[in-house]
Amino acid sequence: HIENKRRMLIPQGGRAWRIVFGGLLLAASADAFAPSAGGRLAFPRSARLATSSRKTEVCMAGGAALPNGGAAPFGTQADLQDTVDRAAQGQSWKRKITLLGSTGSIGTQTLDIVEYLPDRFEVEGLAAGSNVKLLAEQIKKFNPKIVSVGSDKALSDLKDILGDWKGTMPEFAVGDKGLVEVAKYGESDCVVTGVVGCAGLLPTVEAIKAGKDIALANKETLISGGPAILPLLKQYGVKMTPADSEHSAIFQSLQGVPPGGLRRIILTASGGAFRDLPAEELLRLCKEDPEWVRKKASTHPNWDMGAKITVDSATLMNKGLEVIEAHYLFGAGYDDIDVVVHPQSILHSAIETKDTSVIGQLGWPDMRLPLVYAMSWPHRLEMPYKPLDLAALGSMTFMAPDRVKYPSLDLSYAAGRTGGTMTAALNAANEQANEMFRGGEIGYMDIFKVIEKTMEAHKKDLNMTPSLDEIVEVDVWARKFAKESAKSAVVL
């Protein structure tokens, strides 16, 4: 059990502020951000997974730091020099953007940025699913050269809506193949991957092969495909910048940190819908009023997000997945990635450097800021967003995550430390369980049971050096296994 104690951001006396994670009591001293004793988390029996002694350049069993760095342009002398060279370009630049998932939350906010900064960005391609009415409006406004939709029916409906439009029609593509065609199309400088789930993996791979930089808003790309993605980035000389708030905050905080200067990553979490509900009360409600739990899990106290990620926030699985993503993005070992609950969602994440300085990025909860930085890095563009007023904010609080209420953290750390295809199995099982929970087929605590059972079953087929095809195979298998196990009496 973890006792939750709140701490002010800046303690009296001016000492470096730090917080204890990894299941330890949040320290009451000003020296609060100390790493957990012994480094690693002590997993419960149900979360322990056998690890292999095999290891590769990319994915190392035991969760050690990646020897060749992560996906983000950080950590080497060459990365540091490239950042400086790009920044020295001044303001004489413009980038062509391809957007995967244009009608979703990430997509619409990205297009808000493009519309506000037409001298910096223009749209090369758009990919969407079935919201053809909104897609038609986007086509008319941004004039993409290629557009993809999810089905033949959606394409037919889209063409009907655009029938009287006098503008230049884009090329059209359909389905998963169409998503890939848009991702690798033309002269786009940067592909923003805003599609949800593992569906973003193959289009991202093809965009990388086409030499396009990636603004990564799809965390599953690295969580499932990290072992295959990292070598491709190096092979094709492509830059990958994070477009979600937490990893963008880490990336921003790392600017100017020299090679070898990073000690630790500190991921912040809002705590989701059940943040202020004691674990015992949540367990009681899961038994006595599961529909209230389902409805509550579909809301978020701070952010306006899609249905899947909102539930992931309620289970704190989003933070567990972000731990794995941070490992692949920045190359940090799992012992050096910590999680803290920060209810106000103002400090979006932070880093600790070797000299114990803690550097973080603060701002009001607004996804457009990490998006614009991912597309414009390393430049800083003037935006019309509300400035952060620290005096008006008054205070910020932090607490250790309750691992009884949030088993997803231990499961995620276990999958990450196991390495190889285990993270793909974790991600696929979570996507399936999340969907079934939202559909009323399973309860809240069943989500964790389904994920754990899928991970246990995958141990015998664990692959530490998977190809992209093998990762996709694990994804397909894990979804099927999770769905079948969710329906069994053993899980429920």
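These exercises walk through a predicted model, each with a worked solution.

Residues are numbered from 1 along each chain as its sequence is written. In this predicted model, local features need pLDDT of at least 70, side-chain atom pairs count only at pLDDT 80 or more, and totals for chains, interfaces and linings use all residues, while side-chain values use heavy atoms, with hydrogens and water left out.

**Exercise 1. The chain as a whole**

Task: Find how many helices and strands the protein chain has, and what share of its residues is buried.

Solution:
- Start with the elements. The protein chain has 18 helices and 13 strands. Helices (H or I, at least four residues) and strands (E, at least two) are DSSP runs, numbered from the N terminus.
- Turn to burial. Of the 492 residues in the protein chain, 58% are buried. Buried means under 20% relative accessible area, exposed over 50%, and partly exposed in between (1.4 Å probe, protein chains only).
- Look at contacts, meaning heavy atoms within 4.5 Å. Among those between residues at least 6 apart in sequence, 73% join residues at least 24 apart.

**Exercise 2. The sheet of seven strands**

Task: Give the strand order of the open sheet of seven strands, and say which strands stand at its edges.

Solution:
- Read the order: β5-β4-β3-β2-β6-β7-β8, with parallel pairing. Two strands pair if DSSP finds at least two bridges between them.
- Find the edges. β5 (171-174) and β8 (240-242) each have a single partner strand, so one side of each lacks a neighbour in the sheet.
- Check the twist. Neighbouring strands of this sheet are turned by 25 degrees against each other on average, direction ignored. Axes are lines fitted to C-alpha atoms, for helices over the stretch in contact, and angles run from 0 to 180 degrees between N-to-C directions.
- Zoom in on one pair. β4 (residues 146-149) and β5 pair in the parallel sense over four bridges. Ile 146 stands opposite Glu 171 in β5.
- Add a helix. α6 (residues 201-209) lies across β2 (95-100), β6 (190-193), β7 (213-216) and β8, and runs at about 150 degrees to β7.

**Exercise 3. The sheet of four strands**

Task: Work out the order of the four strands in the mixed open sheet, and which way the residues of β10 point.

Solution:
- The order is β10-β9-β11-β12. The edge strands, β10 and β12 (358-362), each pair on one side only.
- Compare two pairings. β9 (residues 262-269) and β10 run parallel, joined by five bridges. β11 (residues 347-353) and β12 run antiparallel, also joined by five bridges.
- Pick out partners. Thr 268 has Val 340 in β10 as its bridge partner. Glu 352 has Val 358 in β12.
- Now take β10 (residues 337-341). Five of its five residues are buried. Ile 337, Val 339 and Val 341 point one way, and Asp 338 and Val 340 the other.
- Place the covering helix. α12 lies across β9 and β10, at about 150 degrees to β9.

**Exercise 4. One residue in α12**

Task: Decide whether Leu 329 is buried or exposed, and list what it touches.

Solution:
- Locate Leu 329. It is in helix α12 (residues 317-330).
- Its relative accessible area is 1%, so Leu 329 is buried.
- Leu 329 touches Gly 70, Ala 71, Ala 72, Leu 222, Met 240, Pro 242 and His 247, not counting residues up to four places away in sequence.
- Take one of these, Pro 242. Leu 329 and Pro 242 are 87 residues apart in sequence and 8.0 Å apart in space, C-alpha to C-alpha.

**Exercise 5. Two helices and a core**

Task: Say which residues of α10 are buried, how many residues of α11 are buried, and which helix gives the most to the largest nonpolar core.

Solution:
- In α10 (residues 290-297), Val 293, Arg 294 and Ala 297 are buried. They cover an arc of only 100 degrees around the axis, so they lie on the same side of α10. The arc is that of the directions from the helix axis to the C-beta atoms.
- In α11, seven of nine residues are buried. These pack against helices including α7 (220-236), α10 and α12.
- The largest nonpolar core has 91 residues, and Leu 222, Leu 426 and Tyr 444 are among those that touch the most other members. Such a core is a set of buried Ala, Val, Leu, Ile, Met, Phe, Trp, Tyr and Cys residues joined through side-chain atoms within 4.5 Å. α16 gives the most to this core, with nine residues.
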